[in-house]
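Reader: I am new to this structure and would love a close look at one part of it. Could you pick a strand, start there, and then walk me outwards?

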Amino acid sequence: LASDGHEVTYLTLRQWPTGERGEVPGVRVVTAGPRMALYNGTGQRRILPPLVFGAGVLVHLLRHGRDYDVVHTSSFPYFSLLAAGLVRRVHGFRLVVDWFELWSDAYWREYLGPAGRVGAFVQRLCLRVRQHAFTFARLTADRLRRAGLNGDVQVLRGLYTGPESRPAPVPAEPLVVFAGRHIPEKRAPAVVDAVARTDLRARILGDGPEYEAVKAAIARLGVQDRVEAPGFVPTEQVERDLGRALCLVLPSRREGYGLVVVEAASMGTPSVLVRDEDNAATELIEEGVNGFVAESAAPEDLAAAIEKVRAAGPALRASTAEWFARNAHALSLDGSLDAVAAGYSVRS
């Protein structure tokens with residue numbers, strides 16, 4: 001947007017050390033609040049930062065909202081959306097909202113306990129704000145419509161920012177890779193149990209509240225010689241591991257998109273996911289073309305899906321590369337941004 005000549009302001013909590021400045025070329029960066037820890041010790045999001053950010057957005061838009069034609073925000077953390085919705089009535093800017101997920105009442109209770117009812121109520125308030133919504137999965141779009149979103153919903157497919165050329169896959173090693181935060185929803189320990197049923201090796205990349213559970217599973221199953229959990233590694237190492245892997249294994253029960261599936265496919269590496277009602281990443285899988293979807297995260301189901309990849313051999317890597325080449329632009333961030341820019345002209 002900035003390079004196309006638009007005036008762009010980026011409003012954020014401070015994400016950099018005191019004394020430094022946040023800078024984006026051609027963009028005015030404005031802080032709406034101080035730097036704060038976003039997660040607690042168990043990996044859950046803290047309540048205070050969204051409240052502080054929402055208050056900062058409210059104050060900024062009350063002062064400067066008349067300067068903006070469009071305010072574009074994520075649905076989460078919801079208080080910034082509510083603030084923009086409130087001030088919009090005064091200044092009349094168009095409101096555009098990204099919805100990566102729409103949580104069910106049951107998941108709110110699971111995540112926050114009794115306080116989950118408050119979270120679900122705030123989410124419903126956000127649905128009532130007049131807006132033009134973007135989402136990244138048909139699953140989320142359908143849920144938004146059923147929940148009565150006050151506005152139009154448009155599905156985008158792309159968040160990928162790498163090369164769009166057809167990949168030339170390297171021969172696969174007998175290795176599976178997991179890459180992501182070790183939080184309960186991603187079920188990283190399930191990879192250990194599945195791999196233990198095979199003669200393959202695994203690298204379980206990332207860190208988080210379940211990292212110790214991953215290491216405990218490795219010790220419990222006695223697979224220290226075949227399964228590694230090195231924690232966070234540099235991006236270059238993630239790319240090397242994905243490129244040489246037999247497949248990416250992502251047993252998440254909840255994903256709003258699944259960018260790592262696209263990143264793996266950009267190297268010709270297929271993926272194994274798990275079928276779950278909250279897992280929108282399965283929309284990225286064409287069975288037998290760029291991977292497989294296991295029926296559950298049970299060790300036998302996950303191991304069986306991995307073995308399907310091995311049985312498919314180099315042909316599956318070739319078809320994964322072809323799938324990526326065929327869908328690359330639609331899966332790219334540039335492709336989504338074209339649709340976003342056009343969406344700014346839609347009255348909401």
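Author: Gladly! Let us begin with strand 8, residues 201-205, which is mostly covered: 4 of its 5 residues are buried. Buried here means under 20% relative accessible area, while exposed means over 50% and partly exposed lies in between, with a 1.4 Å probe and protein chains only. Helices (H or I, at least four residues) and strands (E, at least two) are DSSP runs, numbered from the N terminus.

Before we go on, please keep in mind that this is a predicted model, in which local features need pLDDT of at least 70, side-chain atom pairs count only at pLDDT 80 or more, and totals for chains, interfaces and linings use all residues. Residues are numbered from 1 along each chain as its sequence is written, and side-chain values use heavy atoms, with hydrogens and water left out.

Now to the neighbours of strand 8. Strand 7 runs parallel to strand 8, and 5 bridges join them; two strands count as paired if DSSP finds at least two bridges between them. Within this pair, leucine 205 of strand 8 has alanine 179 opposite. Leucine 205 also stands opposite glycine 231 in strand 9, a strand of residues 227-231 that is parallel to strand 8 and joined to it by 3 bridges. In general, strands of a sheet pair through backbone hydrogen bonds, either parallel or antiparallel.

How does the chain travel between these strands? Strand 7, helix 6 and strand 8 make a right-handed β-α-β unit, and strand 8, helix 7 (residues 211-221) and strand 9 make a right-handed one too. A crossover is right-handed if, with the strands pointing away from the viewer, the path from the first strand over the helix to the second runs clockwise. On the way from strand 7 (175-179) to helix 6 (189-195), the loop holds arginine 187, which has a positive phi of about 55 degrees although it is not a glycine. Most residues other than glycine have a negative phi, and most peptide bonds are trans.

Another sheet is worth a visit. It is open, with 4 strands in the order 3-4-5-6 and parallel pairing. Its edge strands, strand 3 and strand 6 (151-155), each pair on one side only, and the twist averages 20 degrees from one strand to the next. Inside this sheet, strand 4 (residues 94-99) and strand 5 (residues 131-135) are joined by 4 bridges, with valine 96 partnered by histidine 132 of strand 5.

Helix 5, residues 138-146, lies across strand 4, strand 5 and strand 6, and runs at about 170 degrees to strand 6. Angles run from 0 to 180 degrees between N-to-C directions, and axes are lines fitted to C-alpha atoms, for helices over the stretch in contact. Helix 5 contains threonine 140, which counts as buried because its relative accessibility is 4%. Not counting residues up to four places away in sequence, threonine 140 touches Trp99, Phe100, Glu101, Leu102 and Thr135; contact means heavy atoms within 4.5 Å.

Finally, look at the loop between strand 3 (70-74) and helix 2, where proline 77 is found. A cis peptide bond joins phenylalanine 76 to proline 77, with omega about 10 degrees. Helix 2 (residues 78-91) then packs with helix 4 (residues 116-128) at an angle of about 35 degrees, their axes 10 Å apart. Tyr78, Phe79, Leu81 and Leu82 of helix 2 meet Val122, Gln123, Leu125 and Cys126 of helix 4.
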